[in-house]
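Subject: Structure handover

Hello,

Here is the structure I promised you. Please open it and keep it beside this email while you read.

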Amino acid sequence: MYRTDKYEGLLAETVTITGANGETINAYFARPLGAGPYPAMVLAHHMPGWDQWYRETTLKFAHQGYITISPNLYFRSGHGTPEDVAAKVRADGGVQDDQAVGDLAGAMKTLRGLPYVNGKVGIFGTCSGGRHAYLTACRVPGFDAIIDCWGGRVVMPPDALNEKNPVAPIDYTKDLPCPILGLFGNDDTSPTPEQVNQHEEELKKYGKNYEFHRYDGAGHGFFYYIYSAYRKDQALDGWQKVWTFLERNLSV
């Protein structure tokens, strides 16, 4: 809870971490200053790339008291503007699931090695980042909470599977070890409301701890104030649900 007599300070910088296959990638890191210890978050960026919105969101989490790291999942595709790099990644058919999972797992391990982390680490992602966050939380031990914001292609028909995406994320649901918060727009087409229903049924089937919220009048990306998809009221409510969920699951 913020008080006007509370000390506040943030450190933010670009760092390098060990990602998939032991390879070095870069990441954006931000943390609150002070004694701590603090809970920690990994942010899985969206299809538009490792962009300004994700840097701002990394700072947003740090301002709320979370040591936060957002790895550049497109590192191996070269460097330039986020838009140019994302276009190259899209032309190449996206990143491999195993590679994205390895990079996000590396970010989590980096956080767990810091002396000022309280031992709890969550993961947050939007769009394709929501999908990658779900895959990672299911496949890699070590996450204590996951937030999936409109992650598309969690539910995938067999003909959508390929070399880079060999298994639909929903098929890993039985292995999900932690609570999940899902935020979705009812006007979205990826995921559709029907796909969200399928995901919810799978979570119920395996007795998982989940909390899904669906917003009328919102489509894909309704948090993104930089795009026309932004929906102020739904976004404000969604962010409040994010902070409440994390306080409940990452505080010691």
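Start with tryptophan 239. Its relative accessible area is 10%, so tryptophan 239 is buried. Before going further, please note that this is a predicted model.

**The aromatic pairs**

Tryptophan 239 has a ring partner in phenylalanine 124. The two ring centres are 5.9 Å apart and the planes meet at 15°, so this pair is stacked. Planes under 30 degrees apart count as stacked. Phenylalanine 124 is buried too, with a relative accessible area of 0%.

Where do the two residues sit along the chain? Phenylalanine 124 belongs to strand β5 (residues 117-126), and tryptophan 239 belongs to helix α6 (residues 232-250). They are 115 residues apart, so the pair links distant parts of the chain.

Tryptophan 239 also pairs with tryptophan 243. That pair is stacked as well, at 5.4 Å centre to centre with 20° between the planes. Here the partners are 4 residues apart in helix α6, which means about one helical turn separates them. Both tryptophans, 239 and 243, are buried. The count of aromatic pairs comes to 18.

**The sheet**

Now find the strands. Eight of them form an open sheet, in the order β1-β2-β4-β3-β5-β6-β7-β8. The pairing is mixed. In general, strands of a sheet pair through backbone hydrogen bonds, either parallel or antiparallel.

Which strands lie at the edges? They are β1 (10-18) and β8 (210-215), and each pairs on one side only. Neighbouring strands are turned by 20° against each other on average, direction ignored.

**Strand β7 and its neighbours**

Look at β7, residues 180-185. On one side, β7 pairs with β8 in the parallel sense, over 6 bridges. Two bridge partners are worth finding. Phenylalanine 184 is matched with arginine 214 in β8. Glycine 182 is matched with phenylalanine 212 in β8.

Strand β7 also pairs with β6, again in the parallel sense, over 4 bridges. In that pairing, isoleucine 147 has leucine 181 of β7 as its bridge partner.

Is β7 enclosed or open to the outside? Of its 6 residues, 6 are buried, so β7 is largely enclosed by the rest of the structure. Its residues point in two directions. Ile180, Gly182 and Phe184 point one way, while Leu181, Leu183 and Gly185 point the other way. All of these are buried.

How does the chain get from β7 to β8? It crosses through helix α5, and this β-α-β crossover is right-handed.

**Helix α5**

Helix α5 covers residues 193-205 and packs on the sheet. It touches β6 (145-149), β7 and β8. The direction of α5 makes about 165° with that of β8.

Glutamate 200 is found in this helix. Its relative accessible area is 16%, so glutamate 200 is buried. The cut-off for buried is under 20%. Leaving out residues up to four places away in sequence, glutamate 200 touches Tyr210, Phe212 and Arg214.

**The nonpolar cores**

In soluble globular proteins, nonpolar side chains tend to be buried together. The largest nonpolar core here has 48 residues. Val42, Leu111, Ile146 and Leu176 have the most contacts inside it. Helix α3 (residues 97-112) gives the most to this core, with 7 residues.

Take leucine 111 as your example. Not counting residues up to four places away in sequence, leucine 111 touches Phe29, Ala40, Met41, Val42, Ile67, Ile69, Val117 and Val121.

There is a second, separate core of 26 residues. It includes Phe124, Ile147, Phe222 and Phe245.

**Two more residues to find**

Asparagine 26 is in strand β2 (residues 24-32). Its relative accessibility is 15%, so asparagine 26 counts as buried. Beyond its neighbours within four places in sequence, its contacts include Thr14, Trp50, Pro71 and His79.

Glycine 36 lies in the loop between β2 and β3 (38-44). At 33% relative accessibility, glycine 36 counts as partly exposed. Glycine 36 and tyrosine 66 are 30 residues apart in sequence, and their C-alpha atoms are 9.9 Å apart in space.

Best wishes

How values were computed. Residues numbered from 1 in each chain as written. Predicted model: local features only at pLDDT ≥ 70, side-chain atom pairs only at ≥ 80, totals over all residues. Heavy atoms only, no water. Core = buried A, V, L, I, M, F, W, Y, C linked by side-chain atoms within 4.5 Å. Buried < 20%, exposed > 50% of the residue type's maximum accessible area, 1.4 Å probe, protein only. Contact = heavy atoms within 4.5 Å. Pairing = 2+ DSSP bridges. Axes fitted to C-alpha atoms, helices over the stretch in contact; angles between N-to-C directions. Right-handed = clockwise from strand over helix to strand, strands pointing away. Phe/Tyr/Trp six-rings, centres within 6.5 Å; stacked < 30°, edge-to-face > 60°.
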